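Here are a few short exercises, each with a worked solution. Have the viewer ready and try each one before reading on.

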Amino acid sequence: MANLKTTEKKTKAQSMGLHTEVLTGKTQQKFFNPDEAENFYYWGTYDVDFNKRIDLDVNDLDCKEANKKIDELMSQGYGTIVIKNPQGKHSLGVGVLNKLNLIFEGSLGYFGVGSIDGPTVRINGRVGWSCAENMMAGKVVIEKNAGSCFGAAVRGGDLICKGSVGARTGIDQKGGTIIVGGDAGAFTGFMMQRGRIIILGNVGINLGDSMYDGTIYVGGKIGSFGSDAIESPMTKSDVDWIKRKLKVAEIGENFDVSKMTKVVAGKKLWNYDALEPTEKKGAI
Amino acid sequence: MCGIAGLIHRGKSSDVGNELQLMLQALKHRGPDSTGYALYADNDGENFIMRFKVGENVGEGSTSVNEDDSVYDKRKELVDQMLKNLNATVVKEEKLTPYSYRYEMKYDQDLMEFSKKIESIESVEILSIGKSLELIKDLGDAQAVSERYDLGKVKGTHGIGHARMATESGVDIKSAHPFWGYPFSDVSVVHNGQLTNYWNNRRVLENKGMRFMSECDSELIAVYLAEKMRNGASLEEGMKDSLSGLDGVFTYFVATKDSLGMAKDTMAAKPLVLYESDDLVAMGSEEIAIRSILPHEIDTYDPFDGEVKVWQI
């Protein structure tokens with residue numbers, strides 16, 4: 001185990017409350033130090049100019065080549081990239097970790113725009129399974145339908161599908177907002193842990209099955225509730241928040257939000273209610 | 001993980017052989033072990049077409065025991081003798097590979113008894129019998145199988161196909177899809193998924209006189225539907241019944257002489273993308289399969305859990 005040593009002189013990080021101890025020894029842990037500029041470097045990101053626009057035809061490229069090309073274009077400062085002829089290819093646009101306007105003129109296959117952190121994505125077609133899986137931040141808008149596992153394990157950002165989505169939407173969701181203009185399939189919000197899902201249409205069976213936390217709002221009929229999911233009364237703040245989100249998502253303009261059904265977790269987790277909100281975040 | 005694809009042209013004939021080959025080739029990454037086609041071709045409808053094998057493909061990747069071609073020839077002679085005994089008249093005979101044949105024949109008796117007799121010959125399996133159905137399955141990807149059996153020129157109204165990744169049973173033709181809906185002419189099934197009550201159902205169905213040729217769980221669907229239809233149920237009724245009768249995760253297609261259907265389990269655990277227009281329905285495990293024949297922008301969707309659909313030509 002590393003030796004603990006208290007230093008008299010506080011570093012900038014310590015004065016910001018980031019940590020109070022310095023570890024020494026073989027297993028010395030390196031803390032984030034804002035004194036060193038290199039710590040602000042976020043690997044794999046680029047400074048891009050949104051006004052610098054380019055079209056990229058991926059008809060003859062496989063997904064690896066296409067993603068490499070997108071990376072190259074970002075490194076050249078292109079901030080608006082329009083992908084032509086995606087033709088249902090898998091794993092396009094994954095791992096974009098900076099601000100970017102990414103537009104797909106067509107449909108994506110599986111795992112489209114996964115693990116992104118910041119870009120604004122518009123897909124003028126449909127998407128296959130696991131779209132935006134592990135998304136950290138940003139905004140993704142799908143103009144048509146989406147497949148199953150839509151927004152699996154998303155941690156932040158807004159994920160919007162204007163059409164209908166398949167089964168297990170928001171499975172393992174850890175944050176952010178998923179908005180669906182149409183219907184959703186079975187097991188929506190399956191094992192959901194945090195974040196919010198808004199479905200304007202109907203949902204299938206086992207809604208919110210095994211959910212730990214988070215909130216699901218449904219505008220249409222519910223096939224059935226899953227284990228641990230219960231209905232909760234809509235509040236004014238719910239209504240206001242949904243209205244604001246729908247406006248941002250550009251759907252459901254005349255939708256009567258007040259008549260939506262709010263679904264939350266009915267499961268009592270071990271010691272969960274005794275935790276502070278920040279600790280709850282760590283618990284799940 | 002396997003890949004399935006199907007298409008039906010409504011009201012007209014098309015190059016289904018080539019189209020299905022393109023769709024299945026796009027799904028090659030889902031199943032590289034074997035590929036199968038059930039094509040509903042523009043045949044004259046006069047004679048039965050029987051496709052059968054007298055041995056296995058023992059090529060690269062096969063889990064079958066090597067056999068000499070002379071053994072295949074001997075079995076083929078026994079089949080010819082049996083056909084004579086059954087009063088079946090062979091009109092046309094084609095040797096497609098050393099181990100597989102296509103016969104056009106005239107026969108007007110019970111197909112179940114006929115099949116039992118033919119398959120009583122060691123290692124002989126009828127892949128399909130029908131007046132329209134051409135069922136081909138072999139080791140290799142879609143393009144290799146299509147070239148081996150010259151499927152590119154087959155014209156017809158509809159077809160289903162399968163790219164198989166062997167998980168539950170061996171890499172061989174008998175475990176490859178599609179499965180013929182024995183003993184019904186022109187019925188075929190492809191499946192993506194796993195069935196967990198295979199043995200329970202198999203024991204029940206075998207006691208009712210149904211036949212299983214492989215230990216592939218997917219064969220159960222063909223036999224299950226055939227047994228329902230034998231008892232008077234329509235194809236759609238049988239498919240709806242299968243949602244509760246079959247346990248596990250599955251998406252399957254079933255085709256008959258004039259229809260094509262799909263069913264998805266109640267968990268919606270297996271993928272399916274569907275494109276539907278007035279004159280064409282195309283579906284596959286991944287959108288990329290549909291895009292291989294429809295490169296222009298189209299609207300597709302995923303059917304929901306527990307959904308059954310049937311289309312007529």
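**Exercise 1.** Which residue in β10(B) does B:W180 stand opposite?

*Solution.* This is a predicted model, in which local features need pLDDT of at least 70, side-chain atom pairs count only at pLDDT 80 or more, and totals for chains, interfaces and linings use all residues. Residues are numbered from 1 along each chain as its sequence is written, while chains are lettered from A and ligands numbered from 1 in the order in which they are written. Start with the strands, which are DSSP runs of E with at least two residues, numbered from the N terminus, as are helices (H or I, at least four). β9(B) and β10 (residues 188-195) of chain B pair in the antiparallel sense over two bridges; pairing requires at least two DSSP bridges. Opposite B:W180 you then find B:S188.

**Exercise 2.** Place β9 in its sheet: what is the strand order?

*Solution.* The open sheet of five strands runs β9-β10-β11-β12-β15 in chain B, with antiparallel pairing. Its edge strands are β9 (179-180) and β15 (308-312) of chain B, each pairing on one side only.

**Exercise 3.** Why is B:E215 classed as partly exposed?

*Solution.* First locate B:E215 in the loop between α5 (198-207) and α6 (219-230) of chain B. Next, count neighbours: 14 other C-beta atoms lie within 10 Å of B:E215, so this residue is partly exposed. The cut-offs are 20 or more such atoms within 10 Å for buried and 12 or fewer for exposed, with partly exposed in between; C-beta atoms are placed from the backbone.
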